[in-house]
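Me: I'm new to reading protein models, and I'd like to understand the reasons behind the words people use for them. Could we go through this one together?

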Amino acid sequence: MTSRDWNTQSRNRSDRLARAAEVLGPRMQGKSVATEAVGMLLDAVLRPGDRVCLEGNNQKQADFLAEALVGLDPKRINGLHMVQSVLALPEHLDVFEKGLANRLDFSFSGPQGARLARLASAGRINIGAIHTYLELFARYFVDLTPQVALVAAQAADAQGNLYTGPNTEDTPAIVEATAFKGGIVIAQVNELVDGTTTRLPRIDIPADWVSFVVPAPRPHFIEPLFTRDPAQISEIQVLMAMMAIKGVYAEYGVQRLNHGIGFDTAAIELLLPTYGESLGLKGKIAQHWALNPHPALIPAIEAGWVSSVHSFGSELGMENYIRARSDVFFTGPDGSLRSNRAFCQAAGHYACDLFIGSTLQMDLDANSSTATLGRIAGFGGAPNMGADARGRRHASPAWLKAGEQARAGRQGASGTPRGQKLVVQMVETFREHMQPAFVERLDAWTLQEQAGMDLPPIMIYGEDVTHVITEEGIANLLLCRNDEERQQAIRGVAGYTAVGLARDHRMVENLRDRGIVRRAQDLGIDPRQASRNLLAARGMRDLVRASGGLYQPPKRFRNW
């Protein structure tokens, strides 16, 4: 019987490290590699067909390493399998156009969605799957383990310990999966400290997990993705936010929640200290959040509405405010935020009672998708946040009430008691350029056919959606007894779209009598009172004032 070699991965790593040391020579001191030698480093450690995780997050980007990767010779380095959360930079797709990579597994591609669709349809990219964040992180530890990880950090010391700062995001998941399975970890850093006269504020990634550190010529790119200027919130969005607060948050006593990105949810955050206060809801709703540090949440925090916020990432300009509000945010001894996308996604999936977000298209089964013709945007975290976690076993009043309504509404439902997560889709009936948000058939089905996908790219499945909110009202799908009632409830709030105009008026009025479809008036809300004056901040300067000058918005949001 031939004996098996059980150490091929560790030996492979040793070979790559030795080759890098040989090629770099004096350009490498310890684990620190000279900035100008980054291309030599990548050429030395990469091999054709490698699985490479390039840190592309919602906000933080390993942009210097991405540029260096694109600069490699495709005759030597090719067939790479890229695994990363977000396609945010042009370089993330340049690697495919240059012939360096040919396969992709990812989660979200918002900024590059149109280009990705073109490359995929031209056969330049083989898409393995469009994942949720948690799903992709999980596969890093199972069958998509990176052989080389390219990450970004705020600072490193001489030993190679990393300080990731407030935007830790995906770094721990990427590094741990790679480092403990024979992989190479390369970190671009904004700063090198000597570790004696100057020390890292804290150690987020230990040196033993890091192979190389490269000082970048400029700080890594961070996108202020979650900042919304209150001046851009419309009165229609104010009305929808009022309905959400009174018709869902108050109705279920929602204490633990996640907000998606957008002006709709920013309006809710800015109405809590005003409209919410007038309803006597302080302390009764919205105390615990799985949420990036949205600037729009500042007035609610200052008014004492918010007990805790755990974050996926950070937000530019919020650093000083977070440091000064450590009772609310998760901060280290140095005062800076510690974010973690994997843990926060898990919290949103299992510990939150409500997710509220938006979509580009919704069909009559309440399936939602942000993948439309000519643009493959991906999903990100919405499918985890906007899903009923079947493994949940702890109870809360909101979760139990939603579960009771679902069982009461569902014909032939089991009598076994269990709760249900509230999953709310909040959309105006028409999107930009008067594109209807409600359609008979999602573009996702056509995209599946065009790209040869195994599944249509549906972001949130209709079976998980509990409420739909538009300017027309709220459709409570939990109370529907059958598919026909669900479809008519959706038509009932779809307004003047073709889907809405095809409603059965008598049936919709019957649903309204039963409280399944509720107009603003049914909730005791006068639409004429839906004014921007209700917002706790009506512009960026108001958010700065509310923070006591601690919030420092990026320049592009300063209009004074």
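Reply: Happily! Keep in mind that this is a predicted model. A good place to start is C344, which is buried, with a relative accessible area of 0%.

Me: What makes C344 count as buried?

Reply: The cut-off for buried is under 20% relative accessible area. C344 has 0%, so the residue counts as buried. C480 passes as well, because its relative accessibility is 6%.

Me: How do you know that C344 has no disulfide bond to C352?

Reply: A disulfide is a covalent bond between the sulfur atoms of two cysteines. The two sulfurs would have to lie within 2.5 Å. The closest cysteine sulfur to that of C344 is the one in C352, and it is 7.6 Å away, so the gap is too far for a bond. By this rule the count of disulfides comes to zero.

Me: Which residues does H310 touch, beyond those up to four places away in sequence?

Reply: C344 is one of them, and the others are W289, A290, L291, F330, R338, N340 and F343. H310 sits in strand β13, which covers residues 308–310.

Me: Why is H310 called buried or exposed?

Reply: H310 has a relative accessible area of 15%. Buried means under 20%, so H310 is buried.

Me: What makes β13 an edge strand?

Reply: β13 pairs on one side only, and β20 (517–518) does too. They end an open sheet of eight strands, in the order β13-β12-β11-β14-β17-β18-β19-β20, with mixed pairing.

Me: How do you know that β14 and β17 are paired?

Reply: Pairing asks for at least two bridges between the strands. Strand β14 (residues 354–357) and strand β17 (residues 422–426) are joined by four, and they run parallel. In one of these pairings, L354 has L422 in β17 as its bridge partner.

Me: What packs on this sheet?

Reply: Helix α8 does, touching β11, β14, β17, β18, β19 and β20. Its direction makes about 155° with that of β18. I245 belongs to α8, which spans residues 235–252.

Me: Why is I245 called buried or exposed?

Reply: With a relative accessible area of 0%, I245 falls under the cut-off, so it is buried. Leaving aside neighbours within four places in sequence, its contacts are A250, I268, L271, L272, Y275, L279, L281 and I285.

Me: Where do nonpolar residues gather into a core?

Reply: In soluble globular proteins, nonpolar side chains tend to be buried together. Here the largest nonpolar core has 77 residues, and M82 and I186 touch the most other members. Helix α3 (residues 63–70) gives the most to this core, with six residues. A second, separate core of 62 residues includes A266, L281, I469 and L523.

Me: Why is the chain called as compact as a globular protein of its length?

Reply: Its radius of gyration is 25 Å, and the globule rule gives 24 Å for 560 residues. The two values are close, so the chain is as compact as a globular protein of that length. Its secondary structure comes to 19 helices and 20 strands, and 58% of its residues count as buried.

Me: How many of the contacts between residues at least 6 apart join residues at least 24 apart in sequence?

Reply: The share is 74%. As for overall dimensions, the C-alpha atoms fill a box of roughly 80 × 55 × 50 Å along the principal axes.

Key. Residues numbered from 1 in each chain as written. Predicted model: local features only at pLDDT ≥ 70, side-chain atom pairs only at ≥ 80, totals over all residues. Heavy atoms only, no water. Helix = DSSP H or I, 4+ residues; strand = E, 2+ residues; numbered from the N terminus. Buried < 20%, exposed > 50% of the residue type's maximum accessible area, 1.4 Å probe, protein only. Contact = heavy atoms within 4.5 Å. Core = buried A, V, L, I, M, F, W, Y, C linked by side-chain atoms within 4.5 Å. Axes fitted to C-alpha atoms, helices over the stretch in contact; angles between N-to-C directions. Rg over C-alpha atoms; globule rule 2.2 N^0.38 Å.
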